[in-house]
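Here are a few short exercises to work through with the sequence and the 3D view open side by side. Try each task yourself before reading its solution.

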Amino acid sequence: MKITESKLRQIILEEIRMVELEEFLITEAAKLGIVLTEEQKKSIMQRLKKKAGQYGTGLALGSALAVGGAGFHGLHGLQSDYQQGVRDQISQNVAAAEEYNSSYEGTLDRVRTQLNNTAAWLWSMSPDSKKIEILPTTETGAGILPPEFSVMKQVYDDFMAGAGPSVTPDMTSAPSGDHTENRINFLDDFKDKDFEGYGGGRGIRGAIYLDFTDLPSDYALPLTDQSPSEYYVQLWDQYIGY
């Protein structure tokens, strides 16, 4: 499309006046003690452009600023409108997040994310408690998940089954025994049990874990020093809610 010389001049003139208008806006705002952010300047300039449209030319932008009320109340009003728009958007985002979090999909996402959270299950069966591995391994190289994972897996399974929690707050029992000894002797204590393979999250895929029902009710979990029922209630309340 061919642009005439007069049209080109008009475009250039409008761009120059837009730069001048922005400089004027910043100067006037500073006089009023208003510090505009880049987003606020962008929003206000867009609104002034729309107002200028009714005058037909770039020259009308200066008039639009005055007609739009660029005095103390007008400029404060433009800034207030922008801030209110931001607050409204934040409120909408929060409401949408709360709605999602309370939905089945949001709850499932939270539970599944924690179940596959490798960092949550780091532990060691070494007598040196400071020696943390990704996971201790069997002689065949399979990672061994801590019994706390078994509790989280039961929470996940119960939620997926849709029948509600299998453990409620009135069903908890206190732990007994030494949780440090339980950590060190974990494999020996459960050597007669069948461990199950887990095919979930990348960091723990292929690892093995003990079924929740194989944990004694008063067993002191090695990482939390809670009983399985106490930890179950904590997890269900935290990720799903009674």
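The exercises below concern a predicted model, and each is followed by a worked solution.

**Exercise 1. The overall layout**

Task: Find how many helices and strands there are in the chain, and in which order the elements run.

Solution: Begin by counting: the chain has nine helices and two strands. Next, follow the elements from the N terminus, which gives α-α-α-α-α-α-α-α-β-β-α. Then turn to burial: of the 242 residues in the chain, 34% are buried. Finally, take the contacts with a separation of 6 or more; 64% of them join residues 24 or more positions apart.

**Exercise 2. A pair of packed helices**

Task: Describe how the axes of helix α6 and helix α9 cross, and say which residues make the contact.

Solution: Two packed helices are described by the angle between their axes and the distance between the axes. Start with the distance: the axes of α6 (residues 147-161) and α9 (residues 228-239) come within 9 Å. Now the angle, which is roughly 50°. Angles from 65 to 115 degrees would count as roughly perpendicular and those under 35 as roughly parallel, so α6 and α9 are oblique to each other. The crossing of α6 past α9 is right-handed. On the α6 side, the contact is made by Glu148, Val151, Met152, Gln154, Val155, Asp158 and Phe159. Pro228, Tyr231, Tyr232, Leu235, Trp236 and Tyr239 contribute from α9. Sorted by character, the residues of this contact are 10 nonpolar, one polar and two charged.

**Exercise 3. The largest nonpolar core**

Task: Identify which residues in the largest nonpolar core touch the most other members.

Solution: This core has 35 residues, and those touching the most other members are Leu145, Phe149, Val151, Phe186 and Leu215. Next, look at where core residues come from: α5 (104-115), α6, β2 (208-209) and α9 each supply at least two. Then pick out Phe186 and set aside its neighbours within four places in sequence; its contacts are Trp123, Met125, Ile144, Leu145, Pro147, Phe195, Leu210 and Tyr219.

**Exercise 4. A serine in a loop**

Task: Decide whether serine 176 is buried, partly exposed or exposed.

Solution: First locate serine 176, in the loop between α6 and α7 (179-184). Its relative accessible area is 37%. Buried means under 20% and exposed means over 50%, so serine 176 is partly exposed. Beyond its neighbours within four places in sequence, serine 176 contacts Asp218 and Ala220. Lastly, compare sequence with space: serine 176 and aspartate 225 are 49 residues apart in sequence, with 9.1 Å from C-alpha to C-alpha.

Methods. Residues numbered from 1 in each chain as written. Predicted model: local features only at pLDDT ≥ 70, side-chain atom pairs only at ≥ 80, totals over all residues. Heavy atoms only, no water. Axes fitted to C-alpha atoms, helices over the stretch in contact; angles between N-to-C directions. Helix = DSSP H or I, 4+ residues; strand = E, 2+ residues; numbered from the N terminus. Parallel < 35°, antiparallel > 145°, perpendicular 65-115°, else oblique. Left-handed = near helix turned anticlockwise from the far one by under 90°. Contact = heavy atoms within 4.5 Å. Nonpolar A, V, L, I, M, F, W, Y, C, P; charged D, E, K, R; others polar. Core = buried A, V, L, I, M, F, W, Y, C linked by side-chain atoms within 4.5 Å. Buried < 20%, exposed > 50% of the residue type's maximum accessible area, 1.4 Å probe, protein only.
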